[in-house]
Amino acid sequence: MLDFAIFAVTFLLALVAAVLYLYPASRQAAGIPGITPTDEKDGNLPDIVNNGSLHEFLVNLHERYGPVVSFWFGRRPVVSLGTVNVLKQHINPNKTLDPFETMLKSLLRYQSGGGNVSENYTRKKLYENGVTDSLQSNFALLLKLSEELLNKWLSYPESQHIPLCQHMLGFAMKSVTQMVMGSTFEDDQEVIRFQKNHGTVWSEIGKGFLDGSLDESTTRKKQYEDALMQLESILKKIIKERKGKNISQRIFIDSLVQGNLNDQQILEDSMIFSLASCIITAKLCTWAICFLTTSEEVQKKLYEEIDQVFGKGPITPEKMEQLRYCRQVLCETVRTAKLTPVSARLQDIEGKIDKFIIPRETLVLYALGVVLQDPSTWPSPYKFDPDRFNDESVMNTFSLLGFSGTQECSELRFAYMVTTVLLSVLVRRLHLLPVEGQVIETKYELVTSSKEEAWITVSKR
């Protein structure tokens, strides 16, 4: 279903990379409105770069040409869909391959996956079970890590500026590594080592491979290969340790180990999940707190729900299910931040959207960032308003887009739960406050982030 120092057009490049050489180039855009290539070799890549990001390019393109548009990547036409109506015509709810996972596997040059429908469904269920089991088994750990962060913030003077992005990345790394890969990461030094290797790999899998710069730098290429090798070595060791053992403290990897997967599939799926979960969790936590600091009314309503559900008692997994408004806050965070602004699929067979024919093997982008700010679907689209998700039809639309329900990717589901626990702990004890005069600019990549550090302050309730 879903990044930092990555080239602005990574998502498009990554998705095309998987198919670019598999099929002959076409010069036919099937009569779909759009723009002609700016460059014979690169197509509209210069236009994307000039706009600042693929998302911003698509916003302009859809404003000019409507809900179904075309442009060019190299010599290949690409179709983008930019409203809920046209997405409904294209999205197949029975699709089980996650485009985010597929893209990362392509960039990492992994080979497993892409099996038949039955195999893909089985692996999706393994992911779902792995998320559920790891969250249930490690709830006390997640609560402990959240409370550690709370106590750290409580120790600060009220005027102290807190680097939110830095703290959320650290929290995500500590929580995700232990819940996905186990007790090895109880050691802070192991977490720091993982974070360093994760950063090296994540910054290169997009930019370095696809713009050719990685191959041109012997030093960078060696750093990338060493980092990936270290991550894989850790995972192989953990997988070997977990095999054949009935361990009560379940982690995500256990579900894969106990499934009908070979060692390479387990390694690759574990790598993808750990890479993506850390980033998505960190950014969801960051944006949720950012928006709460700028909306006193929303924060007050969230506090009242947390107080009503838990009172003076402990935070428990059973009661977490009652935090309906908190889930609305997180859904609205994903929407307002446009957390993952673009998704895509390769057209399996010739299809039709409105009056337009989409040829087989065309790359079709889902311009989710465009859809999420469409005023015809979301009244006052730039306003942070969790109450909009009181409407069941709005939640159904959100599910259609892959941000909730059966189409929700496992990494996002994991991030929702981790962020819910963190917010329950923090908002229960703290007022989250903005830094006066701060303007947070957005960087649109695979996962949306702030261009610079986001600063907040806190005060005790």
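This presentation covers the overall make-up of a predicted model, one of its helices and one of its pockets.

Good morning, colleagues. I begin with the whole protein. The chain folds into 20 helices and 11 strands. Of its 461 residues, 57% count as buried. The exposed surface comes to about 20,100 Å², and carbon and sulfur atoms supply 49% of that area.

I turn next to helix α17, residues 324-337. Its 14 residues reach 20 Å from the first C-alpha to the last, close to the 20 Å expected at 1.5 Å a residue. How many of the residues of α17 are buried? The number is 12 of 14, so described because each of them falls under 20% relative accessible area. Among the buried residues are the charged side chains E332 and R335, together with Y325, C326, Q328 and the run from V329 to L330 and C331. The cover over these buried residues includes α14, α15 (296-310), α19 (392-400) and α20 (410-429). Directly after α17 comes K338, which has a positive phi, near 50°.

My last topic is the second largest pocket, with a volume of about 600 Å³. Which residues lie closest to its centre? They are Q166, L169, G170, F171 and Q195, out of 26 that line the pocket. Two or more lining residues come from each of α7 (139-154), α8 (164-181), α9 (188-205) and α14 (263-293). By character, the lining consists of 13 nonpolar, seven polar and six charged residues.

Helix α14 thus appears in both parts of this talk: it is among the elements covering α17, and it contributes to the lining of the second largest pocket. Thank you.

Key
Residues are numbered from 1 along each chain as its sequence is written. This is a predicted model: local features need pLDDT of at least 70, side-chain atom pairs count only at pLDDT 80 or more; totals for chains, interfaces and linings use all residues. Side-chain values use heavy atoms; hydrogens and water are left out. On a 1 Å grid over the protein atoms alone, a cavity is a set of points where a 1.4 Å probe fits but cannot get out, and a pocket is an open set with protein on both sides within 12 Å along at least five of seven lines; lining residues have an atom within 4 Å of a point. Grid points are joined across faces, edges and corners, and a volume is the space filled by probe spheres set on the points. Helices (H or I, at least four residues) and strands (E, at least two) are DSSP runs, numbered from the N terminus. Buried means under 20% relative accessible area, exposed over 50%, partly exposed in between (1.4 Å probe, protein chains only). Accessible areas come from the Shrake-Rupley method with a 1.4 Å probe; for residues, only the protein chains shown count as cover. The expected span of a helix is 1.5 Å times one less than its number of residues. Contact means heavy atoms within 4.5 Å.
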